[in-house]
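Please work through the exercises below with the sequence and the model side by side. Each one sets a task and then gives a solution in steps.

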Amino acid sequence: MQNIAYNIRTLRKERGLTQEELAAQLHVTRQAVSSWERGGSCPDFDTLKRLGEVLGAAPEQLLYGTEVGKPPKLQKVNYGLAIFASLIIGFCLFLVLDVIGLVIYFAVLITVCTCIIVDEIRNKDYWRQLSEGTIPPDDEDE
């Protein structure tokens with residue numbers, strides 16, 4: 001939510017508008033605009049569309065700070081360190097707590113693996129673009 005807060009504030013200032021003026025054009029309170037710019041809340045979809053019209057930006061620019069039609073940069077996530085730390089912690093739990101430590105370890109491991117799988121599903125666009133060769137090799141390790 002910090003991206004949209006920064007983008008709204010930056011575009012408003014570039015247009016030379018005060019929070020009060022922007023609020024009047026959107027038919028909302030100045031406090032609502034202030035809350036959006038602090039990251040305390042987010043405008044609803046209809047307001048986001050009107051906000052884009054007033055600020056001369058597409059909703060994508062407000063949300064992601066990218067040019068229209070240009071998706072946000074995708075990055076590969078590396079889980080090597082997390083897996084290594086997990087193995088060390090599991091071994092330590094086994095040494096200290098014996099079988100109960102292994103039960104706790106495997107419960108946590110299953111949860112972590114589930115989170116990793118969900119994250120990989122969310123990042124399927126990265127892997128699709130990587131396989132198609134549309135992500136340059138230099139961007140892979142950043």
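The exercises that follow concern a predicted model, and they go from the overall fold to single residues and then to the surface.

**Exercise 1. Describe the overall make-up of the protein: how many helices and strands are there, and what share of the residues is buried?**

Solution. Begin with the secondary structure, where the protein has nine helices and zero strands, so that reading along the sequence gives the pattern α-α-α-α-α-α-α-α-α. Next, turn to burial: 25% of the 142 residues count as buried. The accessible surface amounts to about 9,800 Å², and carbon and sulfur atoms hold 62% of that area. Finally, consider the contacts with a separation of 6 or more, of which 55% are made by residues 24 or more positions apart.

**Exercise 2. Find the residues that touch the most other members of the largest nonpolar core, and say which helices supply this core.**

Solution. The largest nonpolar core has 14 residues, and those touching the most other members are Ile8, Leu22, Trp36, Leu51, Leu55 and Leu62. Helix H1 (2–14), helix H2 (19–26), helix H3 (30–38) and helix H4 (45–55) each contribute at least two residues to this core. Take Leu51 as a case to follow in the model: once its neighbours within four places in sequence are set aside, Leu51 is in contact with Ile8, Leu22, Leu26, Trp36, Pro43 and Leu62. As background, nonpolar side chains in soluble globular proteins tend to be buried together.

**Exercise 3. Decide whether Gln19 is buried or exposed, and list its contacts beyond its neighbours within four places in sequence.**

Solution. Locate Gln19 first, in helix H2. Its relative accessible area is 18%, and because buried means under 20%, Gln19 counts as buried. With the neighbours within four places in sequence left aside, Gln19 is in contact with Arg12, Arg30, Val33, Ser34 and Glu37.

**Exercise 4. Identify the salt bridges of the structure and describe the setting of each partner.**

Solution. There are two salt bridges to find. One joins Glu37 to Arg12, with the closest N and O atoms 2.5 Å apart. This pair links distant parts of the chain, since Glu37 belongs to helix H3 and Arg12 to helix H1, 25 residues apart. Both Glu37 and Arg12 are buried. Another salt bridge is formed by the side chains of Arg15 and Glu14, at 3.3 Å from N to O. Here Arg15 is partly exposed at 37% relative accessibility, whereas Glu14 is exposed, with a relative accessible area of 54%.

**Exercise 5. State how many disulfides the structure contains, and then classify Cys42 and Cys92 by exposure.**

Solution. A search of the whole structure yields zero disulfides. Cys42 has a relative accessible area of 39% and is partly exposed, and Cys92, at 41%, is also partly exposed.

**Exercise 6. Trace the nonpolar patch on the surface and name the element that gives the most to it.**

Solution. The patch is formed by Phe91, Phe94, Leu95, Val96, Leu97, Ile100, Ile104, Val108 and Val112, which together have about 860 Å² of accessible area. The elements that give two or more residues to it are helix H6 (80–97) and helix H7 (99–122), and H6 gives the most, with five residues. As a last step, check one member: Val112 lies in helix H7, and its relative accessible area of 40% makes it partly exposed, because that class runs between the cut-offs of 20% and 50%.

Methods:
Residues are numbered from 1 along each chain as its sequence is written. This is a predicted model: local features need pLDDT of at least 70, side-chain atom pairs count only at pLDDT 80 or more; totals for chains, interfaces and linings use all residues. Side-chain values use heavy atoms; hydrogens and water are left out. A nonpolar core is a set of buried Ala, Val, Leu, Ile, Met, Phe, Trp, Tyr and Cys residues joined through side-chain atoms within 4.5 Å. Buried means under 20% relative accessible area, exposed over 50%, partly exposed in between (1.4 Å probe, protein chains only). Helices (H or I, at least four residues) and strands (E, at least two) are DSSP runs, numbered from the N terminus. Contact means heavy atoms within 4.5 Å. A disulfide is a pair of cysteine sulfur atoms within 2.5 Å. Accessible areas come from the Shrake-Rupley method with a 1.4 Å probe; for residues, only the protein chains shown count as cover. A salt bridge is a side-chain nitrogen of Lys or Arg within 4 Å of a carboxyl oxygen of Asp or Glu. Patches are made of residues with over 30% relative accessible area and no salt bridge: like charges are joined within 9 Å, nonpolar side chains (Val, Leu, Ile, Met, Phe, Trp, Tyr) within 5 Å.
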